[in-house]
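Here is a short note to read alongside the model. Please keep the structure open and follow the points in order.

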Amino acid sequence: MLRVILSLLLTSGLLRAEEKPDLPILDLSDQKARQVVIAAGTAETYQGHPTTTLLADGKTILCVWCINHGGAAGPMARSDDGGKTWTRMDEAMPPGFKTHQNCPSIYRMTDPAGKERLWVFSAALGKRSGPGMPSIMSEDAGKTWKEMPPLGFPCVMTFSSIVKLNDGRYLGLYHKGPDGKDKAPLEVLQTITADGGFTWSTPKVVAAVEGKNPCEPFVFRAPDGVELCCLLRENTHKGRSLVMYSHDEGATWTTPIDTPWGLTGDRHAGVFTKDGRLVVAFRDKALKSPTNGHFVAWVGTYDDLKQGKPGQYRVKLLHSNAGGDCGYPGMELLPDGTIVATTYLKYAPGPEKHSVVSTRFKLEETDKLLQK
């Protein structure tokens, strides 16, 4: 049953003015008809940290994830009907893919000659040792794959996002701590490929904030086609998430500042809908949020983000039965306006561990529900 979670905290006196959740929250998390279990967890198997990519046909989605929290890669699934049904592709993976570790991420990239390839980057080999960022690559829309040499970049996780630059190159962002370890202080780095993913420039630090730990960058192009925007997880979780901008294709970035309260979360991923609105999904980490720890989406405009406005509303997409151990989403927009949001989470109470699950919705649906 759909319900609007009222923001009673506004009148409780417990929140500082800048933390007020002054936007509605819709709850779709109990609507099972929207949900598809891509990979079910069992009492022994934890399915974690998926990412997705939508192919040019507008209906084929590929999903990769790892086994255990930040564990070994290996699984892949394919949907040919926009995420309604899925087929496992594990047997098509190169044998070495199972030795890749920690949150594999999948991307489409096109080289200067116009050849499109799919790439899956991971963080490390073996027990997170050896050269950073091993990868596999497909030249036939994901039907077959081969292992590629590691990029050699020490990292906590591989690219959290990649964006195409206006000159055809691609900019990738990732994060690391000292000596590449997962410890503070965290910083965000960028690197650029000019040949569609084979070789990358020497990484450089683009975000380091004293007293904060920026990580898991989500970079995307603004509606004006010029500006780049990057949302950042802030891993101290003492305030809001961070955002920074580039007006010169990543040559320089502004100093990160706080996002609006409603965008506070971990591992952002988003899409622009046909009417120009921005929909961003993440693990909710907003202070005093009634949906803290669950898988949510923020709906607003790019101007809301730029001007620090609250946005239009939030949507609780899926309920986590294991606290804040969820998120790391794939977000895909289908031609008919359907948004397919994919994450990992403990899907139900009981002994079963985390599953990879997707849910689907349209803004025209949530807009009507908001009016009610």
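1. Start with the largest pocket of this predicted model. Its lining is made up of 33 residues. Thr53, Ile162, Gly270, Met331 and Glu332 lie nearest its centre. Several strands give two or more residues each to this lining: S4 (47-54), S9 (105-110), S14 (157-164), S18 (214-221), S22 (265-272) and S26 (327-333).

2. Next, the space and the chemistry. The largest pocket holds about 980 Å³. Its lining counts 19 nonpolar residues, nine polar and five charged.

3. Now turn to the backbone. Which peptide bond is cis? The one from alanine 184 to proline 185, with omega near 0°. Look for proline 185 in the loop that runs between strand S15 (170-176) and strand S16 (187-193).

4. Check asparagine 68. This residue is not a glycine, yet its phi is positive, about 75°. Asparagine 68 sits in a loop, with strand S5 (61-67) on one side and strand S6 (76-79) on the other. Is asparagine 68 buried, exposed or partly exposed? Its relative accessibility is 38%, so it counts as partly exposed; the partly exposed class runs between the 20% and 50% limits.

5. Glutamate 249 also deserves a look. Its phi is positive too, at about 60°, and glutamate 249 is not a glycine. Find this residue in the loop between strand S20 (242-246) and strand S21 (257-258).

Methods
Residues are numbered from 1 along each chain as its sequence is written. This is a predicted model: local features need pLDDT of at least 70, side-chain atom pairs count only at pLDDT 80 or more; totals for chains, interfaces and linings use all residues. Side-chain values use heavy atoms; hydrogens and water are left out. Helices (H or I, at least four residues) and strands (E, at least two) are DSSP runs, numbered from the N terminus. Buried means under 20% relative accessible area, exposed over 50%, partly exposed in between (1.4 Å probe, protein chains only). On a 1 Å grid over the protein atoms alone, a cavity is a set of points where a 1.4 Å probe fits but cannot get out, and a pocket is an open set with protein on both sides within 12 Å along at least five of seven lines; lining residues have an atom within 4 Å of a point. Grid points are joined across faces, edges and corners, and a volume is the space filled by probe spheres set on the points. Ala, Val, Leu, Ile, Met, Phe, Trp, Tyr, Cys and Pro count as nonpolar, Asp, Glu, Lys and Arg as charged, and the others, Gly among them, as polar.
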